[in-house]
Amino acid sequence: MTAPTTISEIKALLKSKNLAPLKNLGQNFLIDCNFLQKITQAGELTRKDLVLEVGPGLGGLTEQLLHHAGQVVAVEYDRGLFAVLKETLAEYPQLYLFNQDFLEFDLKQLVSINPAQNYKVIANLPYYITSPVVFKLLESRINWRLMVFLVQKEVALRMAAQPGGKDYGTLTVMLNFYGEVELLCTVPRSVFYPVPKVDSAVVKISPRRSGVDWELYSCLHQVVQAAFGQRRKTILNALTKFEPLLGGKVAIKELLIKLGIDPGQRGETIGVEQYTAMAQAIQKHRLEGA
């Protein structure tokens, strides 16, 4: 038995199990084998890799991953779909299935499955938990080799946005600090069942080989959240929470000018490198004051 990948197969399987796609869980199943293959190929998989899949659904992508990776860890929240996956993909001993809310899933379990830590993430992420899932993966401090996400197009545009537009925000800055973000392709809504109201897109994230300075990451996240907390504020006014640390508003203004940032700029016009420079300056003040 294999995972269903056509509308007729999906409908028949769901009917036989007395199941239906749950809108509140964002269950839209990809039914185009070409896109399933494109997503899999984007992962550059080898038999040394362990792939983490969040929300495998009915297993169409999961089965593609199993053909190329060493192990696949699939975390499915829905009990009904979890039971289906156990049945349809029973022939794959390299599949590790977990019936759990991914946001509560202990990622340390990956180490016991693949001690070599050749970890990648490939997933069709439900819209309602996209940002929490992405931030959990980033902040796990696991050395991910690669991440490939199928997400709603508007989220993909936010991930890969450039400064100056409405799509540019906290998610953009943090992802681009973490690694290189590449928008691979758009996926039309017509290749999903049920058909969603919007198109999707595939995004590839390649972590920086030099690794991540996690203390700087934490500081940067604070700066960025302050900058985008109220988009109409200038960066000078947005950084009020740092006034006690940096010596007041005048000192912040002088620091911004020194870093080549106009204090009158708004958060969405400031690039990742400039945000990083701000975070480095704030981190330096903290260390000097410790």
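**Figure 1. Helix 4 (residues 79–88) lies across strand 3 and strand 4.** Helix 4 runs at about 160 degrees to strand 4; axes here are lines fitted to C-alpha atoms, for helices over the stretch in contact, and angles run from 0 to 180 degrees between N-to-C directions. Contact means heavy atoms within 4.5 Å. Helices (H or I, at least four residues) and strands (E, at least two) are DSSP runs, numbered from the N terminus. A quick note on the source: this is a predicted model, with residues numbered from 1 along each chain as its sequence is written. Local features need pLDDT of at least 70 and side-chain atom pairs count only at pLDDT 80 or more, while totals for chains, interfaces and linings use all residues, and side-chain values use heavy atoms, with hydrogens and water left out.

**Figure 2. Seven strands make an open sheet: 7 strands in the order 4-3-2-5-6-9-7, with mixed pairing.** Strand 4 (95–99) and strand 7 (179–187) sit at the edges with a single partner strand each, so one side of each has no neighbour in the sheet. From one strand to the next, the twist averages 15 degrees. Two strands pair if DSSP finds at least two bridges between them. Strand 3 (residues 71–76) and strand 4 run parallel and are joined by 5 bridges; look for V72, whose bridge partner in strand 4 is L95. Helix 8 lies across strand 6 (144–152), strand 7 and strand 9 (200–207), at about 120 degrees to strand 7.

**Figure 3. Strand 2 (residues 50–54) is largely enclosed by the rest of the structure.** Here 5 of the 5 residues are buried, where buried means under 20% relative accessible area, exposed over 50% and partly exposed in between (1.4 Å probe, protein chains only). Both faces are covered: L50, L52 and V54 are buried on one side, V51 and E53 on the other. Strand 2 pairs with strand 3 in the parallel sense over 5 bridges, and E53 has A74 as its bridge partner in strand 3. For a contrast, L287 in helix 13 counts as exposed at 58% relative accessibility. The C-alpha atoms of L287 and L50 are 38 Å apart, with their places 237 residues apart along the chain.

**Figure 4. Helix 2 (residues 33–42) has F35, L36, I39, T40 and A42 as its buried residues.** Those buried residues span an arc of only 160 degrees around the axis, which puts them on the same side of helix 2; the arc is that of the directions from the helix axis to the C-beta atoms. The buried residues pack against strand 1 (29–30), helix 3 (60–66), strand 5 (119–124), strand 6, strand 7 and strand 9. Turned away from that buried side is a face with the exposed residues N34 and Q41.

**Figure 5. Aromatic rings pair up, with 8 aromatic pairs counted.** Rings of Phe, Tyr and Trp (its six-membered ring) pair if their centres lie within 6.5 Å; planes under 30 degrees apart count as stacked, over 60 as edge-to-face and the rest as tilted. Y178 and W214 have ring centres 6.5 Å apart and planes at 50 degrees, so this pair is tilted. Y178 sits in helix 8 (residues 170–178) and W214 in helix 9 (residues 214–229), 36 residues apart, linking distant parts of the chain. Y178 is buried at 3% relative accessible area, and W214 is buried at 17%. F228 and Y275 also form a tilted pair, 6.0 Å centre to centre with 40 degrees between the planes. F228 is in helix 9 and Y275 in helix 13 (residues 272–289), so the pair ties together parts 47 residues apart in sequence. Both F228 and Y275 are buried. Ring pairs also link F177, Y178, W214 and Y217 into a cluster.

**Figure 6. K136 puts its charged end over the ring of F102, 5.0 Å from the ring centre.** The rule used: NZ of Lys or CZ of Arg must be within 6 Å of the ring centre and within 35 degrees of the ring normal.

**Figure 7. Some backbone oddities sit in loops, among them the one around N18.** Most residues other than glycine have a negative phi, and most peptide bonds are trans. N18 has a positive phi of about 55 degrees although it is not a glycine; N18 lies in the loop between helix 1 (7–16) and strand 1 and is exposed at 72% relative accessible area. E44 has a positive phi too, near 50 degrees, in the loop between helix 2 and strand 2, and E44 is partly exposed at 46%. Y193 and P194 are joined by a cis peptide bond with omega about -10 degrees, and P194 is in the loop between strand 8 (192–193) and strand 9.
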